[in-house]
Amino acid sequence: MASSVTEPRPSDSSPAAGAAAGPGAEKNPKRRKGLSERNRPLWLLIPGGLLMTIVILVPLAMGIWMSLIDLDQYTLRQWVSAEFIGIQNYIEAAMSSDLLRSIWLSVSFAVISTVVTIPLGVAAAVVTQNAYRGRALVRSIFLIPYVLPSFVVASVWRTMLQPDGIVNVTLNNMGMDGGLWLNGPSSYWTLVWVEIWAAWPFIYLLALSGLQAVDHEVHEASALDGALWWNKLRYVIFPYLKGPVSLAFLLATLNHINNFTLPYVLFGAPAPADVNVLPILVYVTSFQSFRFGLSAAMAVVSLILIAIPLFIYLRAVRLDVHEGGKK
């Protein structure tokens with residue numbers, strides 16, 4: 001007689017039943033307290049946010065407020081109760097020929113310095129990329145202008161460019177007439193030259209870091225294919241330098257526009273009209289003419305001027321990232 005075998009049914013407490021019920025059937029008996037894992041890293045932003053607020057946002061807000069009030073040497077002691085004049089300082093600054101000339105000098109000075117320093121830095125990086133005897137010494141020499149403080153560079157060049165300095169003495173011994181390098185029309189090109197001498201190693205460092213990312217196998221493949229040195233630079237090396245050179249262009253331009261130490265130490269304040277760049281004009285208006293509200297308005301204008309290339313760069317980087325994501 002065949003015996004009836006009854007198959008065991010899985011109980012509700014068995015693992016199979018729990019798996020069949022799905023993850024939603026199991027409830028967490030103890031709900032987790034506090035912030036979730038997604039929101040917890042926001043706590044790490046508090047110290048940096050407080051520091052940024054104190055160091056950047058609060059002075060920025062005070063500067064904007066100062067640009068909207070009539071603040072000078074007479075109202076400085078009680079500047080909180082100074083008269084609110086709105087955009088009158090901005091109107092006066094816009095109608096001032098000194099501000100327009102200073103903006104032109106700062107922009108042209110920054111563009112010329114950046115355009116010259118980028119090829120110099122890239123060429124120096126290409127020269128010192130491959131290993132050879134004495135490369136470490138050459139790299140150390142290239143970094144001398146970069147490691148020197150700006151006031152030291154300006155002081156040394158100020159001494160050398162005096163009417164009886166070493167530059168004019170050397171030119172006279174070579175049969176050429178020296179000139180007034182720190183005054184007159186030549187002062188502008190003196191500022192450009194000294195800035196180029198001091199700033200090109202920064203481009204060199206960024207370009208050299210970009211060249212380190214080039215795979216050695218790529219160099220070997222191009223050599224086996226018989227690529228000429230120009231084609232190797234154009235199709236192998238330069239594509240790797242696109243990102244570092246773009247960043248170097250932005251940072252160098254902003255640094256040149258905002259450079260105060262070099263023209264101040266090199267020419268003094270007030271500076272000659274040909275080198276009265278925007279930082280010097282803001283300093284003179286504030287601490288020599290004591291027009292603090294007007295100088296704050298000029299500083300806000302310079303901030304907007306600096307933000308333009310920054311916005312263009314960030315926009316280009318954002319588009320580049322989006323295109324890379326699509327690819």
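Select Leu191 and, setting aside its neighbours within four places in sequence, display what it is in contact with (heavy atoms within 4.5 Å): Phe109, Leu262, Pro263, Leu266, Phe267, Val275 and Val277. The model is a predicted one, in which local features need pLDDT of at least 70 and side-chain atom pairs count only at pLDDT 80 or more, while totals for chains, interfaces and linings use all residues. Residues are numbered from 1 along each chain as its sequence is written, and side-chain values use heavy atoms, with hydrogens and water left out.

Next, widen the selection to the largest nonpolar core, a set of buried Ala, Val, Leu, Ile, Met, Phe, Trp, Tyr and Cys residues joined through side-chain atoms within 4.5 Å, where buried means under 20% relative accessible area, exposed over 50% and partly exposed in between, with a 1.4 Å probe and protein chains only. This core has 22 residues, of which Trp157, Tyr188, Leu191, Val194, Leu266, Phe267 and Val275 touch the most other members. Colour α4 (97-127), α7 (150-160), α8 (166-173), α9 (186-211), α13 (261-267) and α14 (278-287), the elements that give two or more residues to it; helices are DSSP runs of H or I, at least four residues long, numbered from the N terminus. The largest share, five residues, comes from α9. Another core lies apart from this one, with 18 residues, among them Ile203, Leu208, Leu211 and Ala248.

Finally, turn to the rings of Phe, Tyr and Trp (its six-membered ring), which pair if their centres lie within 6.5 Å, with planes under 30 degrees apart counted as stacked, over 60 as edge-to-face and the rest as tilted. The count comes to 13 aromatic pairs. Phe260 and Tyr264 are stacked, because their ring centres are 5.0 Å apart and their planes at 20°. Phe260 is partly exposed at 26% relative accessible area, and Tyr264 is likewise partly exposed, at 31%. Add Tyr283 and Phe287 to the selection, since ring pairs link them with Phe260 and Tyr264 into a cluster.
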